[in-house]
Amino acid sequence: ALVLKPAVLGGPRATYDIGRIGQSLGCRAIVTSFIDGTTSLRAATQIARALSPAEIHGLGTASLFAESLPDDVSPSGGYLR
């Protein structure tokens, strides 16, 4: 499996491209966050949905912030909406 962190890999496009290359070689693509803020979590969620929507990704980091983040990046019941 490839563990893809958009903040480290150069953003959404680079992450998506690397994920697709990995998938073409038979790897699973797992998107994870890097304790990112709202905008980056939204982008990572979209990449995860585009690459492998049925996969379990590591994007539930919103609860690590002292302030509450918007509902669309905060997991509910283990899932992002």
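Student: How much surface does the protein expose, and what share of it do carbon and sulfur atoms supply?

Tutor: Keep in mind that this is a predicted model. The protein exposes about 4900 Å². Of that surface, the share supplied by carbon and sulfur atoms is 58%.

Student: What pattern do the helices and strands follow along the sequence?

Tutor: Start with the tally: there are 3 helices and 2 strands. Read along the sequence, they give β-α-α-β-α.

Student: Is Ser33 buried or exposed?

Tutor: Ser33 sits in the loop between β2 (29-31) and α3 (38-51). Leaving aside neighbours within four places in sequence, Ser33 is in contact with Lys5, Leu41, Gly58, Leu59 and Thr61. Its relative accessible area is 6%, and the cut-off is under 20%, so Ser33 counts as buried.

Student: Which residue meets Arg13 in a salt bridge?

Tutor: Look in helix α2 (residues 12-24), where the partner lies 4 residues apart from Arg13, so about one helical turn separates the two. Arg13 itself is exposed at 59% relative accessible area, while the partner counts as partly exposed at 32%. The side chains meet at 3.1 Å, N to O, and the partner is Asp17.

Student: How many residues apart are Glu55 and Arg28?

Tutor: Their side chains meet in a salt bridge (2.7 Å, N to O), and this pair links distant parts of the chain. Glu55 is in the segment after α3, whereas Arg28 is in the loop between α2 and β2. Both count as partly exposed, Glu55 at 23% and Arg28 at 47%. Along the chain, the separation is 27 residues.

Terms used:
Residues are numbered from 1 along each chain as its sequence is written. This is a predicted model: local features need pLDDT of at least 70, side-chain atom pairs count only at pLDDT 80 or more; totals for chains, interfaces and linings use all residues. Side-chain values use heavy atoms; hydrogens and water are left out. Accessible areas come from the Shrake-Rupley method with a 1.4 Å probe; for residues, only the protein chains shown count as cover. Buried means under 20% relative accessible area, exposed over 50%, partly exposed in between (1.4 Å probe, protein chains only). Contact means heavy atoms within 4.5 Å. A salt bridge is a side-chain nitrogen of Lys or Arg within 4 Å of a carboxyl oxygen of Asp or Glu.
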